[in-house]
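Please work through the exercises below with the sequence and the model open beside you, and try each task before you read its solution.

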Amino acid sequence: MKKSLKKINLMGLSVVSIVLLVSCDKNEETSEISSSEVISATELQVSDEAELISDEVSSIAEDLYAVDEIQATSKHFYASDYLPDCATVTTVENGTTKEKTIDFGEGCELRNGNVLSGIMYLSYEKDMEAATKTLQLSLENFTYNEVAVEGNATIIRTRSNGNGNPQSEASGQFSGVWPDGGTVSFTKNRTREWIEGYGSGFWGDNVFSITGSSSFTGKLGNVFQKEITTPLRREWSCRFIVSGVLAITRNDATATLDFGDGSCDAIGVLTSADGESTEVQLRRFFKK
């Protein structure tokens, strides 16, 4: 992915309308652009952070469910090492339903470096032999790397798809308040196929192929629509999407975002409708 592209300076981006937002470093400022003619790297970065949040929340829910499923359907003991000891999981059986409470306390660092706090609720039917299952999740006093997040999601879980792999179809609605006070909202309708690592018990070999669409409303009210045109590849051993392509629209503006050739990095290539390509850094939560 490291091509000879024009690198973008997020702090000095020249655009039509600029609103300065206070960053974690008081001496630095970032801008979100209000324009129907350009999709900026700054807007893209925030929307990508929102994607990461919704993906991680769903991942935790599905991993916990997979533990119950594998324990119930296999002949050997199974446990996942994805959640660290600082996350407390409590399970209550209520009739035909299992209800799990995942408490991250005042701050719990996951093995991939993300820091969560607050509570996640997860519920689903106890019948582990069912070919499909509906998972419901919601959040309470929840933060993700200092972003305060509210919302819920429904996940339709299929034990074995046409490729013989577990698959989930997730639809969720979330809102977040960023550390600078900016508020955004985001929804997703994603299908995620678990293509490697299912049942191994080691979180680092899990690999997923993701398709679907999402929307994002930014801090200035700009609405993004995103469609995955080449499946995204997410490897849990890496903190980033390693390959795949998104088609992005905002008002009259269009662009594509290419996540690369499989390298584990925070770099994407943003290509505008006129064919101009720019290398951008994604996800402020991590450095490249």
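The three exercises that follow deal with a predicted model, and each task is followed by a worked solution.

**Exercise 1. Disulfides**

Task: Find how many disulfides the structure holds, and describe which cysteines each of them joins and whether these are buried or exposed.

Solution: Begin with the count, recalling that a disulfide is a covalent bond between the sulfur atoms of two cysteines. The structure holds two disulfides, and when the bonded cysteines are counted along the chain, their pattern is 1-2, 3-4.

Next, take the disulfide between Cys86 and Cys108, whose sulfur atoms lie 2.0 Å apart. This pair links distant parts of the chain, since Cys86 sits in the loop between H1 and strand E4 (88-94), whereas Cys108 belongs to strand E6 (residues 108-109), 22 residues apart. The torsion about the S-S bond of Cys86 and Cys108 is about 70 degrees, so this disulfide is right-handed. To judge accessibility, use the cut-offs of under 20% for buried and over 50% for exposed: Cys86 has 36% relative accessibility and therefore counts as partly exposed, while Cys108, at 0%, is buried.

Then turn to the disulfide that joins Cys238 to Cys264, with an S to S distance of 2.1 Å. Here, too, distant parts of the chain are linked: Cys238 lies in the loop between strand E13 (223-235) and strand E14 (241-250), and Cys264 lies in the loop between strand E15 (253-261) and E16, 26 residues apart. With a torsion of about 95 degrees about the S-S bond of Cys238 and Cys264, the disulfide is right-handed. Cys238 is buried, with a relative accessible area of 3%, but Cys264, at 48%, is partly exposed.

**Exercise 2. The largest nonpolar core**

Task: Work out which residues touch the most other members of the largest nonpolar core.

Solution: The largest nonpolar core has 58 residues, and among these Ile60 and Phe104 touch the most other members. Helix H1 (residues 41-73) gives the largest share of this core, namely twelve residues. Now look around Phe104: leaving aside residues up to four places away in sequence, the residues that Phe104 touches include Ile60, Leu83, Cys86, Leu110 and Phe142.

**Exercise 3. A hairpin**

Task: Establish how many bridges join strand E16 to strand E17, and which residue of the hairpin takes a positive phi.

Solution: Strand E16 (residues 267-272) and strand E17 (residues 277-281) run antiparallel and are joined by five bridges. One of the partners can be located directly, as Thr271 has Ser277 in E17 as its bridge partner. Finally, the hairpin of E16 and E17 has four residues between the strands, and Gly275 takes a positive phi near 90 degrees.

Methods
Residues are numbered from 1 along each chain as its sequence is written. This is a predicted model: local features need pLDDT of at least 70, side-chain atom pairs count only at pLDDT 80 or more; totals for chains, interfaces and linings use all residues. Side-chain values use heavy atoms; hydrogens and water are left out. Two strands pair if DSSP finds at least two bridges between them. Helices (H or I, at least four residues) and strands (E, at least two) are DSSP runs, numbered from the N terminus. A nonpolar core is a set of buried Ala, Val, Leu, Ile, Met, Phe, Trp, Tyr and Cys residues joined through side-chain atoms within 4.5 Å. Buried means under 20% relative accessible area, exposed over 50%, partly exposed in between (1.4 Å probe, protein chains only). Contact means heavy atoms within 4.5 Å. A disulfide is a pair of cysteine sulfur atoms within 2.5 Å.
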